[in-house]
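Visitor: I should like to see how the terms applied to a model are justified. Please show me the structure before we begin.

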Amino acid sequence: MTVTLMQLAMMVATIGIIIGAGIWSAGRIKSSESFSLNGRKASAGMVAGAIAGSCIGGGATIGTSQMAFTFGISAWWFTIGIGTGFLLMGLFFARRFRESGRETITQLLIDTYGSGSGPVASLISSCGIFFAAVASVLPAIHIISQLLSTTVYTASAILFFLIIVYIYFGGIKGASVSGLLKSVILWLMLFAICITAGRGLLKVDSIENIIPHGLDLFAQGIWMPLENVISMSAGLLCAQNYAQAIFSAKDVKAARTGCFAAAALSLPVGIPCIMASMYMKANHPEVSPIMALPEFALHHLPESLSGITLGVLIIALISSIAGLTLGISTLLTRDIWTRLFRLSGNSEILRANRLSVIMISVLTITFSLCHLESQVLTWNLLALALRAGVFIPLVLALYRIKQLPPLWAVPTMLTGTLAAGIAKPVLHTGIPPLFLGFAVALLMIAMANLAGQHFNYRVLRLMAETKRKLPFMHHA
């Protein structure tokens with residue numbers, strides 16, 4: 001990729017303005033609650049910005065474009081799933097999240113199932129979020145490396161610096177403002193891509209000859225769309241980084257409106273990305289699929305617009321990584337580090353939160369460097385599948401449905417997550433991992449209820465026998 005001086009200048013300016021706006025808006029953060037929850041005074045726009053900042057990242061843009069290079073329009077199901085998930089969150093979960101007064105989803109689980117469920121749920125959720133972050137780190141390394149004609153290691157160092165600057169100083173408030181500004185600019189650039197790619201595709205003789213079944217929304221079968229929509233919906237509903245944005249809302253109305261706005265922003269994002277990818281496949285089939293969208297922006301948009309687009313694509317990746325990293329750091333700090341190291345003061349917890357951000361960023365980038373050629377959406381779907389064990393216990397806890405005894409909560413979360421994790425690499429089953437995880441979790445809940453009924457039956461029978469044998473109990 002050859003970048004002109006104008007494109008480079010516009011790209012750097014876009015990145016600087018968006019990150020700078022977040023840091024400036026956050027001011028000086030003095031407490032851990034300000035860092036992770038913005039003092040619980042976020043408006044609907046800030047909630048939408050925090051959510052959209054995390055979800056419209058590598059998977060929604062570069063990952064969708066990468067998949068569309070092979071499968072065409074059926075790659076859209078990923079962002080359809082995102083939009084559906086946030087719509088459901090606004091309808092059924094936002095009120096309960098916000099009114100709980102909690103800071104992490106694991107605190108909600110602890111309220112229902114006891115303290116033992118907290119660390120387990122934190123680790124499971126952190127693993128899921130970690131792989132979602134990998135899905136944005138991968139394309140970010142590729143783009144920075146090729147734009148600057150540098151090694152992947154230098155690109156990784158630049159990426160690390162940008163992540164830390166984005167989230168370390170601004171916390172969730174900075175991420176919210178930057179995410180909202182990024183979403184507006186990204187949408188304007190995607191609109192320009194949609195118009196340009198649409199005109200180019202009108203000149204293509206037949207997409208079907210270039211991408212077999214490229215115009216078939218169900219080209220990858222019925223299971224894939226169903227898995228994408230349900231996986232995204234379930235995964236988003238129990239992801240700490242999105243719940244954290246709702247926890248930070250000033251009231252229930254702001255939380256719900258923010259979710260609906262995020263759904264409206266997310267659902268159509270895949271269309272321009274798919275159109276650009278299909279155009280590149282028709283006219284430049286030699287392009288690497290993961291670089292189809294950036295290459296289109298670089299060569300087929302006006303020079304100044306292409307620089308802004310590349311800058312906002314990089315920010316989309318960084319904001320997603322940063323939001324996910326903040327979610328993990330909050331889980332680890334609140335549910336593990338504070339107990340393990342007996343942290344209590346605001347400054348101690350804030351320091352632990354920031355150090356966790358640095359540690360997680362290093363781990364994510366290192367892991368991504370070991371899997372540079374993998375499919376972006378593979379990691380997204382794995383991230384969602386690993387939340388299978390937490391989702392059902394969380395829903396039961398939120399709606400106060402007492403079908404899962406506290407003693408069975410941890411085994412249910414562990415077995416559900418394990419089943420989802422080994423579904424494809426070990427069992428080689430055709431069943432979507434998330435569905436298998438749900439099935440195992442529901443089986444555990446059924447076993448818990450049967451065991452409880454059996455126990456109650458034995459207790460009642462023992463009481464009846466005791467009453468029959470002891471004469472003085474006949475008058476009770």
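Guide: The discussion that follows concerns the interior, the fold and the surface of this predicted model.

Visitor: What makes a space in this structure a cavity, and how many are there?
Guide: A cavity is a set of points where a 1.4 Å probe fits but cannot get out. The search of the whole structure finds two such spaces of 30 Å³ or more. The largest cavity holds about 160 Å³ of space.

Visitor: Which residues count as the lining of the largest cavity, and what makes them lining residues?
Guide: Lining residues have an atom within 4 Å of a cavity point. For the largest cavity there are 19 of them, and Ser-54, Cys-55, Ala-132, Tyr-242 and Asn-380 lie nearest its centre. Among the elements that give two or more residues to this lining are helix H3 (44-55), helix H7 (117-147) and helix H16 (303-340). Helix H18 provides the largest share, three residues.

Visitor: How does the lining of the largest cavity divide into nonpolar, polar and charged residues?
Guide: Eleven residues of that lining are nonpolar, seven are polar and one is charged. Tyr and Cys count as nonpolar, and Gly as polar.

Visitor: How many helices and strands does the chain have?
Guide: The chain has 21 helices and zero strands. A helix needs at least four residues and a strand at least two.

Visitor: What does "buried" mean here, and what share of the chain counts as buried?
Guide: Buried means under 20% relative accessible area. Of the 476 residues of the chain, 57% count as buried. The accessible surface of the chain comes to about 19500 Å², and 68% of that surface belongs to carbon and sulfur atoms.

How values were computed
Residues numbered from 1 in each chain as written. Predicted model: local features only at pLDDT ≥ 70, side-chain atom pairs only at ≥ 80, totals over all residues. Heavy atoms only, no water. 1 Å grid on protein atoms, 1.4 Å probe; cavity = no way out; pocket = protein on both sides within 12 Å on 5 of 7 lines; lining within 4 Å. Points joined across faces, edges and corners; volume = space filled by probe spheres on them. Buried < 20%, exposed > 50% of the residue type's maximum accessible area, 1.4 Å probe, protein only. Areas by Shrake-Rupley, 256 points an atom, 1.4 Å probe, with all protein chains shown as cover.
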